[in-house]
Amino acid sequence: MSNIALQIERSSAGTVTTGSNVVFDTVVYSAGNISYNSVTGVITFNEAGRYVINWWVATQASTNGIVFTLSSSLGDFLEGNSPSKT
């Protein structure tokens with residue numbers, strides 16, 4: 001089994017617009033055959049395999065709730081919902 005890991009964070013202020021990629025500003029840790037494009041926000045696993053992805057989002061405020069989605073090159077969409085927060 002390969003040892004691939006990536007930890008990235010976005011701590012800068014700003015807004016993520018609907019339908020756009022989240023662009024992270026800090027690569028905390030990176031190991032193995034994985035790459036992160038800090039311009040597009042795209043993470044690429046550079047070898048075939050089965051992967052476990054752990055992710056979470058902490059937001060400041062939303063009146064309509066927030067949904068972030070991980071999307072794969074195969075067209076899979078994995079949603080994570082957040083309740084309304086003011």
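The exchange below goes through some labels given to residues in this predicted model.

Visitor: Why is G41 called buried?

Guide: Buried means under 20% relative accessible area. G41 has 15% relative accessibility, so G41 counts as buried. G41 is found in the loop between β3 (34–36) and β4.

Visitor: What is G41 in contact with, leaving aside its neighbours within four places in sequence?

Guide: The contacts of G41 are V22, V23 and Y36. Contact here means heavy atoms within 4.5 Å. As for D25, its C-alpha is 9.5 Å from that of G41, with the two positions 16 residues apart in sequence numbering.

Visitor: Why is W55 called partly exposed?

Guide: Buried is under 20% and exposed is over 50%, with partly exposed in between. The relative accessible area of W55 is 34%, which lies between those limits, so W55 is partly exposed. W55 sits in the loop between β4 (43–45) and β5 (66–71).

Visitor: What makes W55 eligible for a surface patch by its accessible area?

Guide: Patch residues need over 30% relative accessible area. W55 has 34%, so W55 passes that cut-off. The nonpolar patch consists of W55 together with I43, F45, I53 and V57, and their accessible area together is about 410 Å².

Visitor: How many helices and strands does the protein have?

Guide: There are zero helices and six strands, and the pattern along the sequence is β-β-β-β-β-β.

Visitor: What share of the protein is buried?

Guide: Of the 86 residues, 8% are buried. The protein exposes about 7,000 Å², and 51% of that comes from carbon and sulfur atoms.

Methods:
Residues are numbered from 1 along each chain as its sequence is written. This is a predicted model: local features need pLDDT of at least 70, side-chain atom pairs count only at pLDDT 80 or more; totals for chains, interfaces and linings use all residues. Side-chain values use heavy atoms; hydrogens and water are left out. Patches are made of residues with over 30% relative accessible area and no salt bridge: like charges are joined within 9 Å, nonpolar side chains (Val, Leu, Ile, Met, Phe, Trp, Tyr) within 5 Å. Accessible areas come from the Shrake-Rupley method with a 1.4 Å probe; for residues, only the protein chains shown count as cover. A salt bridge is a side-chain nitrogen of Lys or Arg within 4 Å of a carboxyl oxygen of Asp or Glu. Helices (H or I, at least four residues) and strands (E, at least two) are DSSP runs, numbered from the N terminus. Buried means under 20% relative accessible area, exposed over 50%, partly exposed in between (1.4 Å probe, protein chains only).
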